[in-house]
Structures are given as structure tokens and as C-alpha cells.
Protein chains: 2
Amino acid sequence: MSQSKIMPMSGFPEWLPGQRAVEQHFLDVIRSTFELHGFAGIETRAVEPVDRLLGKGGDADKEIYGLSRLAAGEDDGTGPDLGLHFDLTVPFARYVLENSGKLTFPFRRYQIQKVWRGERPQDGRFREFIQADIDIVDSGELPFHYEVELPLVIADAFARLPIGPFRIQVNNRRIPEGLYLGLGLSPEQVVPVLRIVDKIDKVGPQTVATMLTEAGLSPEQAATCLALAEINAPDSSFADRVRALGVEHPVLEEGLLALSAVMDAAAEHAPGLLVADLKVARGLDYYTGTVYETQLVGQESYGSICSGGRYDALADDGRNTYPGVGISIGVSRLMAKLMPGLEATRATPTAVLVAVTSEDERRESMRVAAALRARGVACEVAPVAAKFGKQIKFADRRGIPFVWFPDTAGHSVKDIRSGEQVPADASTWTPPADDLRVGIREV
Amino acid sequence: MSQSKIMPMSGFPEWLPGQRAVEQHFLDVIRSTFELHGFAGIETRAVEPVDRLLGKGGDADKEIYGLSRLAAGEDDGTGPDLGLHFDLTVPFARYVLENSGKLTFPFRRYQIQKVWRGERPQDGRFREFIQADIDIVDSGELPFHYEVELPLVIADAFARLPIGPFRIQVNNRRIPEGLYLGLGLSPEQVVPVLRIVDKIDKVGPQTVATMLTEAGLSPEQAATCLALAEINAPDSSFADRVRALGVEHPVLEEGLLALSAVMDAAAEHAPGLLVADLKVARGLDYYTGTVYETQLVGQESYGSICSGGRYDALADDGRNTYPGVGISIGVSRLMAKLMPGLEATRATPTAVLVAVTSEDERRESMRVAAALRARGVACEVAPVAAKFGKQIKFADRRGIPFVWFPDTAGHSVKDIRSGEQVPADASTWTPPADDLRVGIREV
């Protein structure tokens, strides 16, 4: 059968082994940070019924990959049509409902999986990509302090990774909502106005002002909406600037107190990493409290690499409501931007190549390898009992730092970078900590 | 929009958090063992062009899930039709061809990912499941010793896991092939005879003998084919029993030496774990050397939980041939069988719940948590400043072993299992090693 030409597929990124080691490092650090913060890992199936996928996530229906069994007839008894999940929030909400009787609330979970969207691939946007989500979901009521806590978890994870300076921007839905209501707008106007203000970076404040007046706002109201969007601060000083706009409303005051609490906690636990930015609007129309976006400093046009917020009803089964707050790291998006500047210290886990003196003595080399592995030293035995120079070259090409020589007169190990060779015993010798595991470094 | 009823989906297993912790432990041990043996991790995209999927893997075409963009028109420019991969071998072969210029051979890779098959779910057979594969692939020629090495890697991984007694059965394609040829069968008869002999466990030796004579074998030839299939041994003694059948052929002798080498290495490095079983036929029609299957002792009817073998041409790009040897652990299959007998020591990574004295003092509890995390102790802060008894109960319900009390008069930590409470300093206190991470235990 003639087959497709072998070539990369746009939107479906794959890494070479050394690059995958970099990505794996990121995934390991993210996972271990999530676990340090008491989040339990789950995975959900990759597929959901299409009607469930269509019911959530706004216009995501345009992006869903549907599934069909190639060999199946029209009615193959598989039940509802299936599609690949396009995020981890919809499946998590379904998992919470399905297992609510078996979970303890508040439930802290992380989930690191691939998701799929059929949209056109662009810079940093893929058709298959990895998301790393944390959510805290409660039954009935969710304490506000979790909205303070979540960006600190992300800041902790990012602080352990070589991602350069980043900025977590936070806003609170109640601030624009309260301000708009205080300006005399009706509750029905809130979301349309939020959507118009959200265009400020694209079309500029003048056009937004025009659009707002076209939507029925007075020039003064429009000016105040814009003034709010222009406020940002690295601390809770934003609140006084908002109050200086002279608008009063209890919802606004609630929002200011809530965002101030986030900023005050951040000042202590993640100084300099959070910015209150009242222009952040994405998701404000479906989140109900704090919202988060994250930019790489100097790469703002790349868009957010980590976003989330609070939902009053992550899930609802008719008897109980499950409010939640969550953040999702766009791991593939982040890697696509950072990979050119990073590399693994080597493209293989192997720290020691055990040389083979002759094929008859391969068994002895396997013994050495087993002894090293028993103490956690990753190693492999040379493929061929070639001349030692060739075996050293084999290690060198792979970045393997040490070669072990099981000479009958006495074993020795050579650091092929320095050339230093020392007698060694496989039951005690260990490489330096920096060489034991694959690390990553900036290039 | 009305949505599908929330319910588990047959063939798409999901785990509760505590069960996922068990599965994660297995995945971590498998991965770290693969890395100890010098295998580099890669991931491939979940999708391949359908024509590539159809071109490999025997009758797997019946099982492929095809993909379509729900919102796409007839000609949406996505190129060839895509399907979800049904194993990790086909994508790995494609990856090797695509990246051959950037890989160093022999290339040792592991790959732990989900795969999908649209077949009818049964006991231990799923539509979405995790496979953990290792392969060693070379360019041109692949040394035989890798066929010896691969089952030892699996034995090493399984020895680190609570899977109970298991048995890796090995055979070598050359043994039945050489025997059949030595009996005077033609090369064209080899695969059909292999397929008939493979039915021995299902239909019994009598029926197989009849089928063999119907296929043109003499009663004596059929009897010798059956006699071969009945030979098994925990060591290389199988070879003499095969030779006692009185058939001679150079291919048979090659096979006996090759399988003896596997058994001799296993006797030293994984004593008691490998069995030479000349009945193992699955895959002999497409593998070309050693083949492996793995049974849980006492659960033989469940089928193989880990299988593989040697290919002379894992991949071929017209200029180079890439021979390989690989084994795949059916992780989901294994978990489905073992999960009822295993549990996590707790369903959350949290080792310490930091109690909250009052909501005003939550910040102090967050400080304690940050200090503990800085030293690798997973913790979370209590959700509400309830009475301490209630906060202890919160920890107890989750299996969290320690509760921390940040009393202004002096901090203390309580082991809620023993009730022992001691003064503690968050900058120095560490839980016992057994409590630091989630473990698993048999139930």
C-alpha cells in the first residue's frame, strides 16, 4: 500500500530525545510542585460524548475532533458520538459529577494530559498539546482564599523552571462589573461592555470609546470604563486608583477587597510575580471572581501561557453545585517558545557506558551494569566489543560522561570529558550528582 | 442542550485519585527502570495518517479510530485522513524514519503513552489504554545480544513492583521454522503451520494434529510439530529436548543457540523469571528472532501482559533498513488485574495539614506550609479555621498523617494515627521517610 510521505504534521509537535528530556523536566517540576501543594493527580479518558463537549467552552465546537471507528457500520452500538477533549476542565467537571460520592471536598486535583483542537496551527497554537491544570473544587461553597492560593502555586512551579521573567496578571470580575453597575449600566450590559473593553489592545482606546458609546454608554461612562482598564499595579495600590475614579457600588468594593487580598498574599509569598491588571478581561464573561493570565516578560504578544479563574459552578448535578477555581499551564505553548533556548545535558539517561572487552566477556560488563543500576546509576553496555577508542567515541557522541573498563586486572572508570581515569568498584562508585541525572541548561 | 447521562464509558477506564496514585507509582517505576537501562524517553503524536496505520499491524485496521473535524467542510486542507494510533510501534517506526539523520544508532527509546483501539471491550481489553514500550533499533544490523537484554529490563522493572509471581516466556522464531524445514516442509508452509500450532491451548493437541494433516503434513510431521510445542524449561535444558526430536537443520540450530543464550543470561541476571516455552507462537509470523510473552502466574488465562520480539525491519526508507527488538508492557491491562489488590497509602500527596487558628491568622499557616514545601514536604492549609477537632477530622478522612498547629505559644505537629504531638519548627521538621511520599500497599 502506498503510504503518506514521512513528514512532520503541522500542529502536532514532536521532540527529538534531547528536547523531550527538556519537556520531561518541565513536566516533572510542574507535577512535583503540584504535589508539594497537596494536589492529587488524576487522568480522564481522552474522549467525551460530543454533546457534552458542545455544551461547554463557548465556541469550542468549531475545534472538536470527532471519532469514528473506521471498520464500524452505521449503528455499531457505541452509543453517543465521541470526540477528543479540547481542554481538561470539561472532563474534570464530568469526573467530579460522576465520582462526587467518592471524592472528599474541597478536592484538589492536578491533571497533566494532551488535548486536541482542530483549529488552524499558528505560532504557539497546536492541534495536539499538553495542558497542566490544577483546580480546587468544593461542594456548595468554595472559600475565597483558594483564589489567593492558586497563582502562588503557579509562581512556585515557574520559579523552579528556567522560563525567564514572567508576570501573572490578575483581575477580578467584580471590579468591572461593580464599576459598570455603579456607573448606572444595567446587569445585562456588563458582559457586552466587557467584550468591547477586551479589544483595547487590538483596536486602541479611541475605537473602544466609540464602540462603547455606540453600545449606549455616555462619553463619561465610556471614559470611566477605559480609565479602569488602564489601571495596573504590582501591589494593592491599584485599589486607591480605582476608588479615585469616584464610582461606588458594593460589588465594586467586594472586588477591590478580593483582589487586594490576592495582591497582599502575593507580596509575601511570591514578591514581584503578580500584577493587578484591570484590563485582563479574557474569561471574565464566564469566570465569576478572580481571573489569571500569565505573560513571559518581553514576549507579551505571544499571549498567555497560563490562565484560569474562579467558576461559581464548575459542575452542577441538579442537587449540588460545585464551585471551583483553576489554572491551566499551556505546557506545549510554553515549550514551543522556550525550547530554542534550552537543551538537555545529554540526550540519553545513560551516565555510564560499560565497555566490552570482548564479546565473550560481555557477561562481565552486564554484571557491572547491574551493580551500578542497583545503586541508581543509569548505564548501558557498549553495543560491540570494538576497540576502546571506538567505544569511547560511542559514548562521546551521545554525551555519556563516563566509560567503565572492566579489565580483569582491575576495573576503572574514565571521565571522557577530562580524560581522568581512576580505579573503581561497581558496588561503590557513583558519578557526581550533576552527572547522575539528565539536567537542562540554557544555550 | 441536553447532554449524555454522566456515566462510565465501557472500554475507557478511569481511576479515583487513590487508584491513580497506584497507577502513577507503576508508571514511575517503569519509567525509572527504563532510564536506569539507558533508554531515552520520547512521545509521538496520538495521530497518524490512516494509510500508514492500515499498512502495518496485521488486522489492526478493524480497530482504528478515524478523526474528523466536526466543524470542517469536505475539503478542509488537513491533508490525509488521520486516525488514532493503535500501538506505539507504528509511530515509532515512522519517528525513526523521520528523524534518522538526527538520532544515534543503536537508538534505545522508551515510550509510555495511551493508544486506542475500537474493538469490543472485554476483561483486560480496553478501547483506551496505556502502553509502556522499549525498543532498541539499529541502522543496518542489530547485534543479537539485545534480544538477550530486553527481557532482563522487563524483569528488572517487574521485580520492583508488587505484581506477584510472573513468568516471561521466550521462544525464537528460528526454532519452529528450522524444525519445520528440517522435517521437509517448504518455506511457504512455515507461517500457516505456526498459526495452526498457535491454537493448541484453545482446541487441544488432537485437533491441531488433525488440522496439520489436513494442511498436508504427514502424521509423523504433525506429531513432531506438536512435540516441539510441548517443550518448556526454566533454563537452557530445552535445547537437548529439542535435539532429542531428531530433526536437524541449520536454522533450527541457530535458533537453539540464540534461545540458549537468552536463557543463560537470564539464569544469571533474572534467575527464575524466564521460561523457554516453545509453544509461544503469537507474533512468530511477523517477528524474526526472539519473541516474548509474559503471564501472571495463576492468571494465565488473562493472557500476556507484556509482549514483544525482534523485527529484522522495524522500519525501512528504501536506503536503510532499521532492525529492532522491543517489548511493550500493557500497563492498563496489568492495572485492571492488580488494582483490586492494591491501594495507595493515602489518596492525596499531602503529608501535613497545616491547621488554621483563625482566618486572620491564615497567613501564618501559609508561611508554615511554604517552609515545609521548601524542604520537599507536601502540605496544604486547612480549608476553614474550624475547631481543631474538625480540622483533624478533615486530615483523617484523607489519610493525611500529620496536622501542624501554628500556635503563637509555639508550633507543634501531631501524628493523628498515634495521637503523639511534639513541638516542631517548620524550618527543620521532616516526617518519617515512609510518610513523606504516597506509597502503595497490598490489601
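# Exercises on a predicted two-chain model

Helix α4 (residues 145-159) of chain B lies across β5, β6, β7 (166-172), β9, β10 (290-296), β11 and β12 of chain B, and its axis runs at about 20° to β12(B). The model is predicted, so that local features need pLDDT of at least 70 and side-chain atom pairs count only at pLDDT 80 or more, while totals for chains, interfaces and linings use all residues. Residues are numbered from 1 along each chain as its sequence is written, chains are lettered from A and ligands numbered from 1 in the order in which they are written, and side-chain values use heavy atoms, with hydrogens and water left out.

## Exercise 1: helices and the nine-stranded sheet

Determine the strand order of the open sheet of nine strands in chain B, and state which helices lie across its strands.

Step 1. Helices (H or I, at least four residues) and strands (E, at least two) are taken as DSSP runs, numbered from the N terminus, and two strands pair if DSSP finds at least two bridges between them.

Step 2. The order is β1-β5-β6-β12-β11-β10-β7-β9-β8 of chain B, and the pairing is mixed. Because β1 (40-41) and β8 (232-233) of chain B each have a single partner strand, they stand at the edges, and one side of each is left without a neighbour in the sheet.

Step 3. The partner of β8(B) is examined next: two bridges join β8(B) to strand β9 (residues 274-277) of chain B in the antiparallel sense, and B:Asn232 stands opposite B:Asp277 in β9(B).

Step 4. Besides helix α4, which lies across strands including β5 and β12 of chain B, helix α3 (residues 89-99) of chain B lies across β5 (107-116), β6 (128-137), β11 (306-316) and β12 (321-330), running at about 35° to β11(B). Such axes are lines fitted to C-alpha atoms, for helices over the stretch in contact (heavy atoms within 4.5 Å), and the angles run from 0 to 180 degrees between N-to-C directions.

## Exercise 2: a sheet that spans both chains

Find which strands of chain A and chain B pair with each other, and trace the six-stranded sheet to its edges.

Step 1. Strand β3 (residues 65-69) of chain A pairs with strand β3 (residues 65-69) of chain B, antiparallel, over five bridges. Among the bridge partners, A:Arg69 is matched with B:Tyr65, and A:Gly66 with B:Ser68.

Step 2. Within chain A, two bridges join β3(A) to the antiparallel strand β4 (residues 82-84), where A:Gly66 stands opposite A:Gly83. Within chain B, two bridges likewise join β3(B) to the antiparallel strand β4 (residues 82-84), and B:Leu67 has B:Leu82 as its bridge partner.

Step 3. The open sheet therefore reads β2(A)-β4(A)-β3(A)-β3(B)-β4(B)-β2(B), with antiparallel pairing. Its edge strands are β2 (47-49) of chain A and β2 (47-49) of chain B, each of which pairs on one side only, and the twist averages 45° from one strand to the next.

## Exercise 3: the interface and its salt bridges

State how much area chain B and chain A bury between them, and how many salt bridges cross the interface.

Step 1. The contact takes 99 residues from chain B and 99 residues from chain A. The buried area, meaning the accessible area (1.4 Å probe) that two parts lose on being put together, summed over both, is about 8400 Å², with 56% of it on carbon and sulfur atoms.

Step 2. A salt bridge requires a side-chain nitrogen of Lys or Arg within 4 Å of a carboxyl oxygen of Asp or Glu. The rule finds 14 across the interface, including the one between A:Arg363 and B:Glu268 (3.7 Å, N to O). On the side of chain B that touches chain A, the largest share, seven residues, comes from helix α1 (residues 17-36) of chain B.

Step 3. Over all chains the structure holds 60 salt bridges, one of them between A:Glu23 and A:Arg20 (2.7 Å, N to O). Being three residues apart in helix α1 (residues 17-36) of chain A, these two residues are separated by about one helical turn.

## Exercise 4: cis peptide bonds

Locate the cis peptide bonds that precede A:Pro106 and B:Pro106.

Step 1. In chain A, the bond from A:Phe105 to A:Pro106 is cis, with omega near -5°, and A:Pro106 lies in the loop between α3 (89-99) and β5 (107-116).

Step 2. In chain B, a cis bond joins B:Phe105 and B:Pro106, with omega about -5°, and B:Pro106 is found in the loop between α3 and β5.
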